[in-house]
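Colleague: I've got this one open in my viewer and I'd like to learn how to read it. Can you walk me through some strands and any enclosed space?

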Amino acid sequence: MSKPLGSTVIAGLVGDRVVTWDDRIIDHDPGFHMHDASVTAALTIRDTSAHRSGLPDHAGDLLEDMGYDRAEVLRRRRVQGCRDIVGNALRRAAVSAIGHECHEVPPVGFPGAPQSRARSRRTPPLANVVYLGTYANDFCGKLELVVQDGKLTMRQGPNKSAYPLTRYDHDRLYYETAGENAVSWSGVTFTVGVDGNAAGVVVENLNQDGLGMFTRISDK
């Protein structure tokens with residue numbers, strides 16, 4: 001619903017000569033930035049409305065699922081471009097030109113296709129203490145591994161949404177995803193360092209564009 005509604009609003013503003021299709025986004029929203037300065041300087045309303053920004057499909061949606069608000073999603077999307085979130089910025093820029101507040105429509109959740117990975121031979125799981133600590137990357141932010149209610153649990157996003165982890169084998173676990181972009185079960189694979197503790201982790205459903213790799217930044 002967001003795209004037809006947004007384009008209709010923008011077309012109305014163009015018809016009223018408040019904006020033009022070739023206005024740059026930064027002309028109406030100076031705080032808007034993309035991952036590349038040249039893209040920021042050139043991106044127009046026409047480009048984003050026509051999906052000509054050359055950016056990943058549905059990028060930024062996972063950040064919304066993790067609980068980040070619009071401003072933070074836009075900031076984090078500078079790590080890599082975003083088509084749909086650019087559309088939100090575009091509508092925000094357009095309505096700001098006439099002095100009206102822009103309100104977001106909350107996403108509606110739906111189940112996705114399950115992900116699965118198989119191994120021919122499993123090895124014994126490691127102790128919980130190996131994984132405990134905080135991991136981070138510039139896109140998703142912090143990821144906490146804790147023991148909650150006696151179970152190894154992953155906390156994501158600013159709201160620290162808790163996801164219990166289930167063992168698969170040695171350093172590979174999985175969890176049930178949630179939100180608009182849920183994919184049922186997703187793998188969580190740790191890299192264990194020479195000291196015997198986890199040094200990093202890849203969360204598969206967050207790794208669609210290679211942005212689901214986290215580095216450990218602190219212990220428990």
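Modeller: Sure, and keep in mind that this is a predicted model. Let's begin with a pair of strands: β3 and β4 (residues 161-164) run antiparallel, with four bridges joining them.

Colleague: Which residue of β4 is the bridge partner of threonine 153?

Modeller: That's proline 164. Threonine 153 also turns up in the pairing with β2, where valine 146 is its bridge partner.

Colleague: How many bridges join β2 to β3?

Modeller: Six, between β2 (residues 141-148) and β3 (residues 151-156), and this pair is antiparallel too.

Colleague: What should I look for in the turns?

Modeller: Check the backbone phi values. The hairpin of β2 and β3 has two residues between the strands, and aspartate 149 there takes a positive phi near 55 degrees. The hairpin of β3 and β4 has four residues between its strands, and glycine 157 in that turn has a positive phi of about 75 degrees.

Colleague: Now the enclosed space. How do you find it?

Modeller: Rolling a probe the size of a water molecule over the atoms shows where empty space is left. Here the count comes to one cavity of 30 Å³ or more, and the largest cavity holds about 80 Å³ of space.

Colleague: Which residues line the largest cavity?

Modeller: Among them are Leu62, Asp65, Met66, Gln156, Tyr163, Tyr175 and Asn205. Gln156 falls within the β3 range, and Tyr163 within that of β4.

Colleague: How does the lining divide into nonpolar, polar and charged residues?

Modeller: Seven are nonpolar, four polar and one charged.

Notes: Residues are numbered from 1 along each chain as its sequence is written. This is a predicted model: local features need pLDDT of at least 70, side-chain atom pairs count only at pLDDT 80 or more; totals for chains, interfaces and linings use all residues. Side-chain values use heavy atoms; hydrogens and water are left out. Two strands pair if DSSP finds at least two bridges between them. On a 1 Å grid over the protein atoms alone, a cavity is a set of points where a 1.4 Å probe fits but cannot get out, and a pocket is an open set with protein on both sides within 12 Å along at least five of seven lines; lining residues have an atom within 4 Å of a point. Grid points are joined across faces, edges and corners, and a volume is the space filled by probe spheres set on the points. Ala, Val, Leu, Ile, Met, Phe, Trp, Tyr, Cys and Pro count as nonpolar, Asp, Glu, Lys and Arg as charged, and the others, Gly among them, as polar.
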